[in-house]
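I opened this notebook to record what I looked up in the structure. The entries follow the order in which I consulted it.

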Amino acid sequence: MIAIRGATSIEKNESKHIKEKTIELYDKIMKENDIKKILSIIVSVTSDITEINPVTIIRENFKLKKVALLCVQEAQFKNSKNGIIRFLIHCESNTNNFVFLHDARELRPDLEE
Ligand SMILES: C=C(O[C@@H]1C=C(C(=O)O)C=C[C@H]1O)C(=O)O
């Protein structure tokens with residue numbers, strides 16, 4: 001089993017926008033990896049993201065009926081960045097390429113080429 005991380009940022013707490021960003025992140029993680037089987041996905045959102053649950057979005061848009069999904073609120077610290085959706089995917093995969101998109105790229109500058 002491998003754990004793959006990802007994160008993206010939103011600009012506004014609006015359902016349509018959150019949905020687009022969530023699907024973009026999920027698609028990109030799938031594209032950048034060779035995942036054979038997903039076992040579970042934990043998603044965290046910062047406390048300002050309240051309009052729609054990203055886990056509901058991925059469950060409804062992808063074949064995840066038998067996958068354990070959970071959405072939690074990210075712990076908040078004094079310099080925490082708002083508007084961030086994080087993914088932690090436990091899976092069987094030949095790769096573990098992490099995907100950080102948009103402003104979430106700032107979270108992991110060490111991953112930048
Ligand atoms: C830097 C991030 O944000 C925080 C720090 C993390 C880390 O240092 O690995 C992981 C998750 C978050 O608590 C991130 O999402 O990668």
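**Entry 1. A parallel pair.** I began with E1 and E5, which pair in the parallel sense over 2 bridges. I looked up one bridge as an example: Gly6 has Val99 in E5 as its partner. I note here that the model is a predicted one.

**Entry 2. Confidence.** Before going further I checked the scores. The protein has an average pLDDT of 97, and 100% of the residues score at least 70. For the complex, the predictor gives an ipTM of 0.95 and a pTM of 0.97.

**Entry 3. The sheet as a whole.** I then asked in what order the strands of the sheet lie. The order is E3-E2-E4-E1-E5, an open sheet of 5 strands with mixed pairing. Strand E3 (68-73) and E5 are the edge strands, each pairing on one side only.

**Entry 4. The remaining pairs.** I went through the other neighbours in turn.
- E1 and E4 run antiparallel and are joined by 8 bridges; Ser9 has Ile84 in E4 as its bridge partner.
- E2 and E4 are also antiparallel, with 9 bridges. I looked up two partners in E4: Arg86 for Ser44 and Ile89 for Ile41.
- E2 and E3 run parallel and are joined by 6 bridges. On this side Ser44 stands opposite Val72 in E3.

I record that Ser44 thus has a bridge partner in E4, Arg86, and an opposite residue in E3, Val72.

**Entry 5. The edge strand E3.** Is E3 buried or in the open? I found that 0 of its 6 residues are buried, so E3 lies largely in the open.

**Entry 6. The nonpolar core.** I turned to the largest nonpolar core, which has 22 residues. The members that touch the most other members are Ala7, Leu25, Ile29, Ile41, Ile85, Phe87 and Ile89. Two or more residues come from each of strand E1 (2-9), helix H1 (15-32), strand E2 (35-45), helix H2 (54-61), strand E4 (84-93) and strand E5 (99-100). Which element gives the most? It is E4, with 5 residues.

**Entry 7. Phe87.** I chose one core residue for a closer look. Leaving out residues up to four places away in sequence, Phe87 touches Arg5, Gly6, Ala7, Leu25, Ile29, Ile41 and Val43. Among these contacts, Ala7, Leu25, Ile29 and Ile41 also appear in the list of core members that touch the most others.

**Entry 8. Thr8.** The place of Thr8 is in strand E1. I asked why Thr8 counts as buried. The reason is that Thr8 has 26 C-beta neighbours inside 10 Å, and 20 or more are enough for a residue to be called buried. Beyond four places in sequence, Thr8 touches Lys21, Glu24, Leu25, Ile85, Leu101, His102 and Ala104. I also looked up a pair far apart in sequence: Thr8 and Arg108 are separated by 100 residues along the chain, and their C-alpha atoms are 11 Å apart.

**Entry 9. His102.** One of the contacts of Thr8 is His102, which I followed next. His102 is placed in the segment after E5. It counts as partly exposed because it has 16 C-beta neighbours inside 10 Å. I noted that its phi is near 55°, a positive value in a residue other than glycine. As a general matter, most residues other than glycine have a negative phi.

**Entry 10. Val45.** I then moved to strand E2, where Val45 lies. Val45 counts as buried, because 23 C-beta neighbours are inside 10 Å. Its contacts, apart from neighbours within four places in sequence, are Pro54, Cys71, Gln73, Glu74 and Ile85. For a distance along the chain I took Asn94: it is 49 residues from Val45, and the two C-alpha atoms are separated by 27 Å.

**Entry 11. The ligand.** My last question was which residues surround the ligand. They are Ala7, Arg86, Leu107 and Arg108. By kind, the shell divides into 2 nonpolar, no polar and 2 charged residues. I had met three of these residues in earlier entries: Ala7 in the core, Arg86 as the bridge partner of Ser44, and Arg108 in the distance from Thr8.

Technical notes: Residues numbered from 1 in each chain as written. Predicted model: local features only at pLDDT ≥ 70, side-chain atom pairs only at ≥ 80, totals over all residues. Core = buried A, V, L, I, M, F, W, Y, C linked by C-beta atoms within 7 Å. Buried ≥ 20, exposed ≤ 12 C-beta atoms within 10 Å, placed from the backbone. Helix = DSSP H or I, 4+ residues; strand = E, 2+ residues; numbered from the N terminus. Contact = placed C-beta atoms within 7 Å. Pairing = 2+ DSSP bridges. Near = placed C-beta within 6 Å. Nonpolar A, V, L, I, M, F, W, Y, C, P; charged D, E, K, R; others polar. pLDDT = per-residue confidence, 0-100.
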